[in-house]
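Grab a pencil and work through these short exercises with the model on your screen. Try each task before you read its solution.

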2 protein chains.
Amino acid sequence: MKRIVLIIEYDGTNYVGWQVQPNGIAVQQVICEALHRLTGERLVLHASGRTDSGVHARAQVAHFDTECRIPPDKYAFALNTYLPADIRIKASFEMPGEWAAGANEFHSRFSVKRKHYRYRVLNSVHNSAFLRDTALHIHASLDIEKLNAAAALFLGEHDFAAFKASGSKAASTVRSIYASQWSQEGELLVYDVAGSGFLYNMVRIMVGTMLRIGMGYAELDTIKCALENPSRENAGDTAPAHGLTLWRVEYDEFDTERILRGSTPSPAGALPQTP
Amino acid sequence: MKRIVLIIEYDGTNYVGWQVQPNGIAVQQVICEALHRLTGERLVLHASGRTDSGVHARAQVAHFDTECRIPPDKYAFALNTYLPADIRIKASFEMPGEWAAGANEFHSRFSVKRKHYRYRVLNSVHNSAFLRDTALHIHASLDIEKLNAAAALFLGEHDFAAFKASGSKAASTVRSIYASQWSQEGELLVYDVAGSGFLYNMVRIMVGTMLRIGMGYAELDTIKCALENPSRENAGDTAPAHGLTLWRVEYDEFDTERILRGSTPSPAGALPQTP
């Protein structure tokens with residue numbers, strides 16, 4: 001039995017999200033079908049976490065266990081021949097034996113150390129034909145200094161209960177944010193956030209709250225208030241899904257960035273790199 | 001009667017090109033339908049030139065004459081409400097009277113001074129879910145120094161007869177190339193070319209020829225030979241349409257870049273800027 005890890009890029013526009021849903025096609029389901037065609041096995045594919053309908057991934061991480069004898073690095077090539085062009089396997093590799101089972105078992109979800117998300121806003125008079133599915137278009141003027149002042153307030157450990165979708169059932173709502181910053185490339189405003197983990201819709205509610213502040217419709221205090229009084233109505237709207245991309249997932253066992261750069265398709269020798 | 005100019009961005013993926021064709025939907029046709037809904041008139045829309053099926057435009061320029069009293073800068077906003085999201089009008093303005101008719105008449109096609117095209121190549125092991133429609137994926141290693149040595153050979157005035165699609169009926173096949181250069185952004189190789197004009201499929205055949213050289217399958221001499229012996233079989237393959245974008249059209253009458261930056265929606269005061 002081998003534990004195979006996949007690094008997956010997908011344009012979420014045409015999917016109901018990562019996880020199988022009754023109302024449309026899920027990314028997980030499409031990859032599982034391709035794995036079935038490839039291996040003949042009905043495999044269980046575990047990801048680092050779900051992504052919502054319309055949310056994209058630059059480097060989602062998922063794993064499965066198989067008896068199939070395909071060389072581990074060949075899964076990427078073989079799966080890509082079966083997958084639609086909006087889902088690409090960027091790398092595949094086998095977890096070494098000591099991490100494939102037992103006390104040190106690697107698991108795409110339970111072994112996550114940090115996650116990075118990116119949210120894109122196109123701040124321009126007219127939307128772009130090319131960014132229509134990967135950036136939120138906002139015509140109103142946004143103040144990047146205000147956005148960054150707001151973003152800084154999320155840094156550190158906080159109770160993010162005000163920033164989770166109602167109905168979400170996380171045991172604890174305390175999360176640590178390690179990086180939270182807006183940058184500007186012409187008309188494109190890019191928000192990068194890294195944290196120990198994120199509640200359901202948390203990044204989108206954080207962005208929605210910051211955008212109200214950046215447009216001048218709310219004060220910075222909104223965020224302080226929502227972090228101190230963790231009730232959903234204290235935060236802003238949930239920003240639309242299509243601006244959001246799961247950017248990177250960090251583990252102790254391997255460094256996805258190093259693997260994506262193509263130097264080492266196997267994790268051996270690519271151990272703890274968490275900066 | 002007003003002569004209205006549009007600057008248009010489109011993702012060409014879902015269209016048979018700019019010009020109306022029997023086998024699918026053309027960008028021109030979609031905009032003409034929107035203009036009809038808006039003005040009630042059946043207008044003739046002239047562009048700087050055609051783009052092929054699958055080719056994109058960042059700043060196509062087109063004009064039409066109308067009796068409609070909509071303020072000129074409002075066409076962009078109004079048309080965008082009728083157009084699909086993969087076609088966006090980035091600006092609209094009226095040509096001042098002295099250029100709207102007569103000896104100095106501005107015409108989107110006949111007044112063109114220079115055109116810029118950009119061709120994108122993703123040089124990576126696996127394709128990208130996000131660039132699948134706007135860059136050509138090449139797995140084989142490309143030598144950017146060879147690509148640039150090849151690109152430099154196109155500079156200046158040449159007979160490009162070897163670089164036009166067979167069946168093309170241009171009166172003269174002599175064109176001047178002012179800029180021809182590859183640059184690299186990670187795995188993305190970007191070719192920028194500017195010229196007095198381009199024959200049918202010319203940029204794509206130039207790119208196809210350079211890519212063979214960059215992969216080591218042909219020598220630099222191929223280009224010299226094809227420019228000196230202008231017959232189609234001396235050049236390389238036609239590179240796929242989806243990597244190509246009409247980037248910029250230059251006129252003496254206004255500067256599209258300045259208008260896109262949003263400072264001056266009217267061309268007055270934005271006169272000859274051709275560098």
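**Exercise 1.** Work out how far apart in the sequence the contacting residues of chain A tend to be.

*Solution.* Keep in mind that this is a predicted model. Start with the contacts in chain A that have a separation of 6 or more. Of these, 68% join residues 24 or more positions apart.

**Exercise 2.** Describe the build of chain A, and explain why it can be called as compact as a globular protein of its length.

*Solution.* First, list the elements: chain A has seven helices and ten strands. Next, compare sizes: the radius of gyration of chain A is 19 Å, close to the 19 Å from the globule rule for 275 residues, so the chain is as compact as a globular protein of that length. Then look at the box around the C-alpha atoms, roughly 60 × 40 × 40 Å along the principal axes. Finally, check burial: 56% of the 275 residues in chain A are buried, meaning under 20% relative accessible area.

**Exercise 3.** How much area do chain B and chain A bury between them, and which three residues of chain B supply the most of chain B's part?

*Solution.* The two chains bury about 1900 Å², with 61% of that on carbon and sulfur atoms. On chain B, the top trio is B:His126, B:Phe130 and B:Arg132, which supply 35% of the area that chain B buries against chain A. Each chain brings 27 residues to the contact.

**Exercise 4.** Find a salt bridge between the chains.

*Solution.* There are two salt bridges to pick from. One of them pairs B:Arg132 with A:Asp11, whose closest N and O atoms are 3.1 Å apart.

Technical notes: Residues numbered from 1 in each chain as written. Chains lettered and ligands numbered in written order. Predicted model: local features only at pLDDT ≥ 70, side-chain atom pairs only at ≥ 80, totals over all residues. Heavy atoms only, no water. Contact = heavy atoms within 4.5 Å. Buried area = accessible area lost by both parts, 1.4 Å probe. Salt bridge = Lys/Arg side-chain N within 4 Å of Asp/Glu carboxyl O. Helix = DSSP H or I, 4+ residues; strand = E, 2+ residues; numbered from the N terminus. Rg over C-alpha atoms; globule rule 2.2 N^0.38 Å. Buried < 20%, exposed > 50% of the residue type's maximum accessible area, 1.4 Å probe, protein only.
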